[in-house]
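Reader: I have a sequence and a structure to look at. Please take me through them by question and answer.

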Amino acid sequence: MEKIKLEYKPIGCWVIVMLMFLGVAEASQESFIMFDVTVMAPTCTINDNREIAVDFGTNVIISHLGEYGYKLTPIIFTLNCAAPGNYSFMVQGAGAVFDEELLATNKQQLGIEITYDGRRLPLNTRLSFTYPNIPVLQAQPIASKIGLLAPGEFSATASVRVSYD
């Protein structure tokens, strides 16, 4: 009778063990990927972060205040946004005592009307626009019809806010 010699080959054993692990890995192919994302709206810079000044000039005649177009002055500013799209524009401030839609001044009987396209833009109201088309705004001093406006200098302060819609 012939003897059959069985040889132990460790390499073959490792191949079997590795195939077993591969088989387990193939049976379970579930993986998870986690994403941590912050979505940010495009940013805009208004007037290069400088103050926007509106000068109605000298000689504002009290009796003409409130007449359509009297001292109607452009509000000149720049607007640079990171991306085109739908935005909204708002002039924020305290309303005049006699009309909350007008910007209050240091004189109770005087307010500033902000207009866009010939229509009044009430304070604290959003105006939608598509950038890069920048809204063209104008300002006009308006006197109250009740009471007496005293002559003298006047001033007003408001904030301009641009938001991505």
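Reader: Over which residues does pLDDT stay under 50?
Author: This is a predicted model, with a mean pLDDT of 83 for the chain. Of its residues, 80% reach 70 or more. Where pLDDT is low, the predicted coordinates should not be read in detail. One stretch has one contact beyond four places in sequence, and its pLDDT stays under 50: residues 1-25.

Reader: Which cysteines does the disulfide join?
Author: The structure holds one disulfide. Its sulfur atoms lie 2.1 Å apart, and with 110° about the S-S bond the link is right-handed. Distant parts of the chain, 37 residues apart, are linked, one in strand β1 and the other in strand β3. The two cysteines are C44 and C81.

Reader: Which cysteine of the pair C44 and C81 is buried?
Author: Buried means under 20% relative accessible area. C44 has 25%, so C44 counts as partly exposed. The other cysteine has 13%, so the buried one is C81.

Reader: Which strands each supply at least two residues of the largest nonpolar core?
Author: This core has 20 residues, and F77, L79, F89, I114, F129, L137 and V162 touch the most other members. The strands that each supply at least two of its residues are β3, β4, β7, β9 and β10.

Reader: With which residues is I114 in contact, leaving aside its neighbours within four places in sequence?
Author: I114 is among the core residues that touch the most other members. Beyond those neighbours, its contacts are I75, V91, R119, R120, L121, Q138 and A139.

Note on methods: Residues are numbered from 1 along each chain as its sequence is written. This is a predicted model: local features need pLDDT of at least 70, side-chain atom pairs count only at pLDDT 80 or more; totals for chains, interfaces and linings use all residues. Side-chain values use heavy atoms; hydrogens and water are left out. A nonpolar core is a set of buried Ala, Val, Leu, Ile, Met, Phe, Trp, Tyr and Cys residues joined through side-chain atoms within 4.5 Å. Buried means under 20% relative accessible area, exposed over 50%, partly exposed in between (1.4 Å probe, protein chains only). Helices (H or I, at least four residues) and strands (E, at least two) are DSSP runs, numbered from the N terminus. Contact means heavy atoms within 4.5 Å. pLDDT is the predictor's confidence in each residue, from 0 to 100. A disulfide is a pair of cysteine sulfur atoms within 2.5 Å.
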